[in-house]
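Me: I'd like to go through this one and ask why things get the labels they do. Can you show it to me?

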Amino acid sequence: MAPKKKDAASKSRGNLIEDEALEWLKPRALIKPDDQEDVPEADLDEEVGRVLTTINPNWVADEVAYHYGLGRFVAKPKPTFGKAYPLYIYQGTAIRKDSEEAKAQIAAGYGMVGFDDAGPKRAKVKKSAAEEEEEEEPEPEPQPPEEAKAEEDAVADEEKPSEAVEGPHEPEPVADDLEATAGDVGEEPEGDEKDESKDTGEEVLEIKPRVKKLANQFNFCERAALTYNFPRRSVDTQTIPPPRANYGSTALQCIIFDYYQEDYARKQREKEEDKPKRLRKKTAKHVKSAQQIHDEQLAQRIREAWTILERLVNQNIYDDIAQDYRYWDDPSDEFREGMGSLLPLWRFQFEPMRSHAVCDVQWNPHYQDLFAVAYGSLDFTSQQKTGCLCLYSIKNPAYPEYAVVTDSPVICLDVYKETPYLICVGLYDGNVCVYNAQLTLESSYQYKSDSVRDKHSNIVWEVRWGARLIDGESTFFSISGDGRVVQWAVMPGELQATTIITLTSNVPPIPGPDGTMINVNSCGSCICFHPEKPDIFMVGTEDGMIHTCSLKYNRNYVRSVQGHHMPVYRINYNYFNNSIYASCSGDWRVKIWEDGREEPLFMFELGAAVGDVKWAPYSSTVFAACTADGKVYVYDLNVNKYRPICVQAVVSKKTKKLTRIDFNTRLPVIVCGDTKGTCHVLKLSPNLRVMCKPPKKAQGVDQRTLQIMKLDKLLSLVRDPPYQTGVVDEKFDDD
């Protein structure tokens, strides 16, 4: 019976190989590479002796290291492993079965039998027709007892090594108990299955369950998570070396500039090529031909010639005014000491802007005869729809040198000192623009904030150019009625806005429509930067507050002063002392302040709303202001600290009001604008521009030092005397 079972088992194993469902039971064949070297048995059996010694060649008996705290070499502590030198340390993942951790895992079910902790599994294998015929053959005659005994001994000897191999992999007693239980439970259906297998011609194989390995819960890695690492391969190739040549040249500044211009033009062309085709077609339509370019250049030359001719004609027409400007001084100043007058010279007016007001005026810092004018409207009940930016020259009072009409009234402007042809303006609708006076009028503005996300939502009251950024981009600042101070960076082709500070008000939060509390912002009205500290600036608000702010700290104000009781219209620093500044307001007052003091040094009431105040660039104690009643006031604190040295009505107070005033930095003239679009140029009399005479002991002192000394002497008389501790006590002790 035994040989028959063995043959049946071998035949059933062949059926398993043919069955694809039980592919995992196929035997594994050793794959031998084709280029493996054949080693003879004699070499494999040869014993190679190796001598192990306790002497470690890499061992350092006394190892030292430099101690920076002690400043000397100290001996390092010897390792605990002695002279042994570990070359490789790897922490394993297996744990011992008799450890506490293994027992806890077994109790929790981690060491149980596989296949969902079930018993042995059975697999049915179909028998082939040949096997069924062999089973139907009659059983052979029983062998003699001696032959049968010999065969049984041979089979027992074959099974012993297999049992010895399977011995270490036997599951724990828990698994044996489960198998026994499963065997007892499955005894009865086994007979039925045998009968069914006999009837259907199928063979039942018992598959022993696998036991789960005990995994270290603290250092465990799933085999499925391990990936195959591709072997490293180095590919080398040999090529012909590139040709070499020595080159030398002189890199001049003009050559570097030309290369930068070519690179910039190339980048612009690449941007045009990246645009959609529909946009490129439009731009292609507007490309000018060589004849058109020639015609424009010829027209520009003719325009320049007509401009020169126009100036010659106007100088002949206004020759008497030009003579007064150049040579005439009021002779009455010799007989009235401490008093002066203003001589009206030219009146500048742009005919399309007769119904607009001069909202801002400023002399050009580079060209002494040129000044810029912003046309807008300060009457908010009947606001104009358009505005204008004009550049006038006293060489041609009839027509502006540059004029461009804007979509919204222009409220403020500022000329860039580094590049005097760049002018930034603030509009009534909250936008800011940058104009380039060198470009033709067809290009209009060069930059505009209409597409910027964080632009102002209210009127822009004042703009001021600031210091350049670290990358070299120009920047300017604007203050608006929405309570924000915004920094604008002039990038190539666009403006970038950054909110510096949001002005807060002392008014408590008010409830909104849905009941949420809304913080009320303070409306900004003017801004002024410190002459020497570009990160410090002062802000005036509509509630009369003057806040000192910093670009480095934008969460709160550096200092706040209740300057006026109505909106602050202008703040201006002294040219000779950076701690002295003047402010004007709609409460009819002009105040002179010093940094760090809560109270003003001087206060003057002019009897009407003061639109603008400016310090004189030639004297440290002279300043001028214009009021809503059409008068210009000129003060000299060194002559009279209480009354002006000149009061002159420039326009009729019934029909016009003066809005802005500005001193020329080189010429003895001032310009002021009114609400009817007219700019008046006035000449200062000799008493209004008296220069300091150096003392006899210091004849070589320059004029600026004398002006600083004059102002310091005046301030020492006005400032409060410092409080000295102990003076009052000594006085009472003497009594």
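Me: What makes the 23 residues a nonpolar core?
Reply: This is a predicted model, where local features need pLDDT of at least 70, side-chain atom pairs count only at pLDDT 80 or more, and totals for chains, interfaces and linings use all residues. Side-chain values use heavy atoms, without hydrogens and water, and numbering runs from 1 along each chain as its sequence is written. The label means buried Ala, Val, Leu, Ile, Met, Phe, Trp, Tyr and Cys residues joined through side-chain atoms within 4.5 Å. The largest such core has 23 members, with Trp 346, Phe 348 and Tyr 375 among those touching the most others. Strands S5 (342–349) and S7 (370–376) are among the elements that each supply at least two residues; strands here are DSSP E runs of at least two residues, numbered from the N terminus.

Me: Why is strand S25 called mostly covered?
Reply: Buried means under 20% relative accessible area (exposed is over 50%, partly exposed in between; 1.4 Å probe, protein chains only). Six of the six residues in S25 (580–585) are buried, so the label fits. Ile 580, Ala 582 and Cys 584 point one way, and Tyr 581, Ser 583 and Ser 585 the other.

Me: How do you know that S24 and S25 pair?
Reply: Pairing takes at least two DSSP bridges between two strands. S24 (568–573) and S25 have five, in the antiparallel sense, so they count as paired. Ser 583 is the bridge partner of Ile 571, and a hairpin of six residues joins the two strands.

Technical notes: Helices (H or I, at least four residues) and strands (E, at least two) are DSSP runs, numbered from the N terminus.
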